[in-house]
Amino acid sequence: MELWGALIAVALGALAMFLRSAVLAVRPDGFGRGRLHRGAAAPWFWGANAVVVIDGVPLFGWAYLLDH
């Protein structure tokens, strides 16, 4: 059960990174023109994507195995 909590905590950290990238992108460009994949927001955006993929695979697998 501790591993499950750790995976959820890492997923929440990835969500925080993604929200940080959104804040950095929207501030200079405004809503509708924010670019997450370039500029100052890019490291946060791509880092969040990497964390979601790396953490999401075992989290999805674990949830799938628990369900069946």
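Which helix is the place of Leu19? Select Leu19 and you land in helix α1, residues 2-29. Helices here are DSSP runs of H or I with at least four residues, strands are runs of E with at least two, and both are numbered from the N terminus.

Before going on, a word on what you have open. This is a predicted model, in which local features need pLDDT of at least 70 and side-chain atom pairs count only at pLDDT 80 or more, while totals for chains, interfaces and linings use all residues. Residues are numbered from 1 along each chain as its sequence is written, and side-chain values use heavy atoms, with hydrogens and water left out.

**The whole chain**

Zoom out and show the cartoon: the protein chain has 2 helices and 0 strands. Of its 68 residues, 18% count as buried (buried is under 20% relative accessible area, exposed is over 50%, and partly exposed is in between, with a 1.4 Å probe and protein chains only). Switch to a surface and you are looking at about 5,000 Å² exposed by the chain, with carbon and sulfur atoms supplying 73% of it. Those areas come from the Shrake-Rupley method with a 1.4 Å probe, and for residues only the protein chains shown count as cover. Now think about contacts, meaning heavy atoms within 4.5 Å. Among those between residues at least 6 apart in sequence, 56% join residues at least 24 apart.

**A nonpolar patch**

Go back to Leu19 and add Ile8, Leu12, Leu15 and Phe18: together these five make a nonpolar surface patch of about 440 Å². Patch members have over 30% relative accessible area and no salt bridge; like charges are joined within 9 Å, and nonpolar side chains (Val, Leu, Ile, Met, Phe, Trp, Tyr) within 5 Å. A salt bridge would be a side-chain nitrogen of Lys or Arg within 4 Å of a carboxyl oxygen of Asp or Glu. Leu19 itself is partly exposed, at 48% relative accessible area.

**The aromatic stop**

Keep Phe18 and look for rings. How many aromatic pairs does the structure hold? There are 2, where rings of Phe, Tyr and Trp (its six-membered ring) pair if their centres lie within 6.5 Å; planes under 30 degrees apart are stacked, over 60 edge-to-face, and the rest tilted. Phe18 and Phe45 make a tilted pair, 5.8 Å centre to centre with 45° between the planes. Phe18 sits in helix α1 and Phe45 in helix α2 (residues 42-67), so this pair ties together parts that are 27 residues apart in sequence. Next, select Trp46: with Phe45 it forms an edge-to-face pair, 4.8 Å centre to centre and 75° between the planes.

Phe18, Phe45 and Trp46 thus get a single selection, as one aromatic cluster. Buried or partly exposed, what is each of them? Phe45 is buried at 14% relative accessibility, Phe18 is partly exposed at 32%, and Trp46 is partly exposed at 49%.

**A charge over a ring**

Now pick Arg20 and Trp44. Arg20 lies over the face of Trp44, 5.9 Å from the ring centre (this calls for NZ of Lys or CZ of Arg within 6 Å of the ring centre and within 35 degrees of the ring normal).

**Last stops**

Select Gly47 in helix α2, buried at 18% relative accessibility. Its C-alpha is 9.5 Å from that of Ser21, 26 residues away in sequence.

Finish with Ala25 in helix α1, buried at 3%. From Ala25 to Ala41 is 5.5 Å, C-alpha to C-alpha, with the two 16 residues apart in sequence.
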